[in-house]
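Student: Could you take me through this model one step at a time, with the reasoning behind each answer?

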Amino acid sequence: MIADISALVETIPQLRGRGATIAPLAGGITNRNYRIEAEGEAFVLRVAGANTGLLGIDRAREHACALAAARVGVGPEVIAFLPEHPALLTRFCAGTVLKPEDAARGDVLARIVDSLRLVHWGPAIPGAFCGFETSRNYRRLVAKFGVSAPAELDRALAALAEMERSLGPSGPPRPCHNDLLPSNLIDDGGRVWIIDWEYAAMGDPFFDLGNLAENHLLNPAQEAELLRLYFGAAREDDLRRLRAMRAVSALREATWGYLQAGVSKLEFDFLGYAAGHLNRCLELADAA
């Protein structure tokens, strides 16, 4: 595999002939990622996994969103895009990759919110994203690819459809990341960099906030602090929408996991991943 990546690296003008060293980066469950070092510079090369278009990922859109994130000072510099492979080369972000518990620290949470606000109030980006509709689309594909999903998945979809009707729209769509896993946030002590823009599109900022709260296991006091940092106040209606979007985030992860079980070629327990998020979605929906 490294031999293949070495050949790929030599096709990139910015790296060709620079004696690049290549090391796999752990943690990805959609793509293959590599750290590239060349003449004192460090980069990250991401090579798309199989069938990722079925997940709603458009690599040209990802490239455009990564460029937009770099322009507002939140994402790493984009060095090269190779649509024929497809692969994306960015500058390596030095810092600490966050763990779920890190966002419980007020200073870290404040830096995350600062970066999110730069994204949400930045220039428009391509595409549209809705957590509810994405989950429904994944469910249709799960059935198409013959993946066995429990009956609870359809119960969760029905519960969240009712939640969608009761919530209504939160406002005009804004640029959103839509995948704020701890591993996609890198804290250098001065700012939090956001990486992996493959699901980014115009959407509901509350999905980003709920997705952040769910992926980082924020407790009720931390949820309120998140809203105070973002809006200046933790209003009850905003808390209700944030908690609803936590359930939507968990449902998206569950349906994503069941779909990946049918289409991904990576070695990962996607069914276990999906089941864990489905249980979490049901807990959140019952509490809403």
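Student: How many bridges join strand 2 to strand 3, and in which sense do they run?
Tutor: Bear in mind throughout that this is a predicted model. Strand 3 covers residues 41-47 and runs antiparallel to strand 2, and one of the pairs sets glutamate 37 against alanine 42 of strand 3. The number of bridges that join strand 2 to strand 3, in the antiparallel sense, is 7.

Student: Which residue in the turn between strand 2 and strand 3 has a positive phi?
Tutor: The two strands make a hairpin with 2 residues between them. The residue in that turn with a positive phi, of about 50°, is glutamate 39.

Student: What is the bridge partner of isoleucine 22 in strand 2?
Tutor: Strand 1 (residues 21-25) pairs with strand 2 (residues 32-38) in the antiparallel sense over 5 bridges. These strands also form a hairpin, with 6 residues between them and a positive phi of about 110° at glycine 27 in the turn. Within strand 2, the partner of isoleucine 22 is isoleucine 36.

Student: Which helix gives the most residues to the largest nonpolar core?
Tutor: That core holds 70 residues, among which Leu160, Trp197 and Leu226 touch the most other members. The greatest contribution, 13 residues, comes from the helix spanning residues 236-263, namely helix 8.

Student: How many residues are in the second, separate core?
Tutor: Its members include Leu15, Ile22, Ile79 and Leu82, and Ile22 is the residue whose bridge partner in strand 2 is isoleucine 36. The size of this second core is 17 residues.

Student: How far apart are the end C-alpha atoms of helix 5?
Tutor: Helix 5 has 17 residues (residues 151-167), so at 1.5 Å a residue the expected span is 24 Å. The distance in the model agrees with that expectation, the end C-alpha atoms being apart by 25 Å.

Student: What arc do the buried residues of helix 5 cover around the axis?
Tutor: The buried residues are Leu153, Ala156, Leu157, Leu160, Ala161, Met163 and Leu167, and what covers them includes helix 4 (131-144), helix 8 and helix 9 (270-287). On the other side of helix 5, Ala151 and Arg165 are exposed. The buried residues lie on the same side of helix 5, because around the axis they cover an arc of only 165°.

Student: Which residue just after helix 5 takes a positive phi?
Tutor: The helix covers residues 151-167, and the residue just after it takes a phi of about 70°. That residue is glycine 168.

Terms used. Residues are numbered from 1 along each chain as its sequence is written. This is a predicted model: local features need pLDDT of at least 70, side-chain atom pairs count only at pLDDT 80 or more; totals for chains, interfaces and linings use all residues. Side-chain values use heavy atoms; hydrogens and water are left out. A nonpolar core is a set of buried Ala, Val, Leu, Ile, Met, Phe, Trp, Tyr and Cys residues joined through side-chain atoms within 4.5 Å. Buried means under 20% relative accessible area, exposed over 50%, partly exposed in between (1.4 Å probe, protein chains only). Helices (H or I, at least four residues) and strands (E, at least two) are DSSP runs, numbered from the N terminus. The expected span of a helix is 1.5 Å times one less than its number of residues. The arc is that of the directions from the helix axis to the C-beta atoms. Contact means heavy atoms within 4.5 Å. Two strands pair if DSSP finds at least two bridges between them.
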